[in-house]
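Biologist: Could you take me through one part of this model up close? I'd like to hear about the sheet, and then about whatever sits around it.

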Amino acid sequence: MTKNYVGRIINHPLIPTDVLLEPIAIINNRLPSLPNRTRHGSHLHKGGFGSVMVIGGSALMGGAALMSAEAAIQVGAGRVTVMTHPNHHTAIISKSPNLMLGHIDKIDQTQLAGMTAICFGMGLGRDDWAQSIFKKWLAILMTHHIPIILDADALWHLANQPPLRLPDHCIGTPHHAEAGRLLGISATQVEADRMAAIVQLQNRYGGRWILKGANSLSIDTLGNISICTLGNAGMATAGMGDVLSGMLAGLLAQDANLPCAQIIALHAKSGDILSQESISVDVNKMGNIAAKLLKTNAISSDN
């Protein structure tokens with residue numbers, strides 16, 4: 001090609017320079033830090049480390065609420081109360097006598113006033129009884145300005161009522177199928193563009209959101225999206241989401257300003273450590289590993 005056949009040459013780069021790029025998300029694998037209790041004197045008591053209420057468990061599904069409650073205790077919550085169907089009271093107190101119990105169909109406003117975080121929905125069920133419990137509790141929880149984690153069947157019931165605007169202190173934790181139900185699209189469509197899906201969840205419902213799965217996403221009240229690149233396929237097992245909900249409640253009860261992205265990273269990092277021992281991750285050990293990581297962080301941050 002000669003100059004006789006060439007007009008003005010315009011050099012237009014296909015990839016803009018870094019200063020012109022606007023990030024749509026950041027990778028955040030940082031673990032949360034909490035104060036080292038041993039450095040703060042002997043006068044401290046359980047009431048100084050947050051009070052969590054776990055609400056869930058229909059007559060035939062009590063395990064999910066128990067896993068959430070045990071996770072909250074393991075990550076340092078001072079007190080944890082499980083509001084569940086009375087069918088499960090004996091089993092729970094036998095397994096974890098450090099947990100307090102209540103009837104899921106009885107709401108005590110005085111008791112609620114003493115809570116610093118709540119997780120709601122694990123094993124709740126989807127029948128008429130569960131729907132009634134969901135509506136009754138959600139109406140009350142919306143008036144309490146503490147971190148409230150909505151998980152599992154609470155998200156199912158949320159999707160099956162007129163869209164409700166959640167306050168900033170509410171955190172939804174769907175996987176791709178639950179997110180699709182909330183948005184009225186398929187799980188496949190959610191997976192095709194997870195970034196768009198988490199933005200749509202916040203636009204439609206308000207609040208904060210965590211979209212679980214490989215490279216879990218979280219979005220804060222300002223619309224900033226974080227990506228967790230920790231975790232592994234061995235974590236694809238029943239109860240993993242219940243443990244995350246309990247960890248969220250347990251840590252936010254102690255510090256409501258902790259970024260959710262850091263708690264997700266702690267959960268995923270715990271799964272990575274456990275996966276080195278076996279192919280699948282034992283959810284019963286998740287809280288123990290997370291507690292050890294938190295303790296390590298607290299000691300290192302104090303030095």
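Modeller: Here is a walk through the sheet, strand by strand where there is something to say, followed by the aromatic pairs and a few residues off the strands.

Keep in mind that this is a predicted model. For orientation, the protein chain has 11 helices and 10 strands, and its C-alpha trace spans about 90 × 50 × 40 Å along the principal axes. Of its 303 residues, 49% are buried. If you take contacts between residues at least 6 apart in sequence, 68% of them join residues at least 24 apart.

Now the sheet itself. It is an open sheet of 10 strands with mixed pairing, and the order reads S1-S10-S9-S8-S7-S6-S5-S2-S3-S4. The edge strands are S1 (26–27) and S4 (100–103), each of which pairs on one side only.

Let's zoom in on S7, which covers residues 166–172. Five of its seven residues are buried, so S7 is largely enclosed by the rest of the structure. On one flank you have S6 (residues 148–150), which pairs with S7 in the parallel sense over three bridges. One residue pair to look for there is Ile149 with its bridge partner in S7, Ile171.

Ile171 is a good spot to park the camera. Its relative accessibility is 0%, which is why Ile171 counts as buried; the cut-off for that is under 20%. If you skip the neighbours within four places in sequence, Ile171 is in contact with Ile148, Ile149, Leu150, Arg208, Ile210, Leu252 and Cys260. Take Arg208 from that list: Ile171 and Arg208 are 37 residues apart in sequence, yet their C-alpha atoms are 4.7 Å apart in space.

Further along the order, S9 (residues 217–219) and S10 (residues 225–227) run antiparallel and are joined by three bridges. In that pairing, Leu217 stands opposite Ile227 in S10.

Two loop residues next to these strands deserve a check of the backbone angles. Ala152 is in the loop between S6 and helix H5 (153–159). Its phi is positive, about 50 degrees, although Ala152 is not a glycine. Ala152 has a relative accessible area of 17%, so it is buried. The other one is Asn215, in the loop between S8 (206–211) and S9. Asn215 also isn't a glycine, and its phi is positive too, near 60 degrees. With 40% relative accessibility, though, Asn215 counts as partly exposed.

Next, the aromatics. A pair of aromatic rings is described by the distance of the centres and the angle of the planes. The structure holds two aromatic pairs. In one of them, the rings of Phe120 and Phe134 have centres 5.9 Å apart and planes at 15 degrees, so this pair is stacked, given that planes under 30 degrees apart count that way. The pair links distant parts of the chain: Phe120 belongs to strand S5 (residues 117–120) and Phe134 to helix H4 (residues 128–141), with their positions 14 residues apart in sequence. Phe120 and Phe134 are both buried.

The other pair is Tyr205 with Trp209. Here the centre-to-centre distance is 5.9 Å and the planes make 55 degrees, and the pair is tilted. Tyr205 and Trp209 are both buried as well.

One more residue, this time in a helix: Gln262, found in H10 (residues 260–275). Gln262 has a relative accessible area of 8%, so this side chain's residue is buried. Beyond its neighbours within four places in sequence, Gln262 is in contact with Arg30, Leu31, Pro32 and Ser33.

Finally, stepping back to the whole chain, the accessible surface comes to about 15100 Å², and 55% of it belongs to carbon and sulfur atoms. As for charges, there are 22 positive and 20 negative side chains, and the centres of the two sets lie 4 Å apart.

How values were computed:
Residues numbered from 1 in each chain as written. Predicted model: local features only at pLDDT ≥ 70, side-chain atom pairs only at ≥ 80, totals over all residues. Heavy atoms only, no water. Phe/Tyr/Trp six-rings, centres within 6.5 Å; stacked < 30°, edge-to-face > 60°. Helix = DSSP H or I, 4+ residues; strand = E, 2+ residues; numbered from the N terminus. Buried < 20%, exposed > 50% of the residue type's maximum accessible area, 1.4 Å probe, protein only. Contact = heavy atoms within 4.5 Å. Areas by Shrake-Rupley, 256 points an atom, 1.4 Å probe, with all protein chains shown as cover. Lys, Arg positive; Asp, Glu negative; His and termini not counted. Charge placed at Lys NZ, Arg CZ, Asp CG, Glu CD. Pairing = 2+ DSSP bridges.
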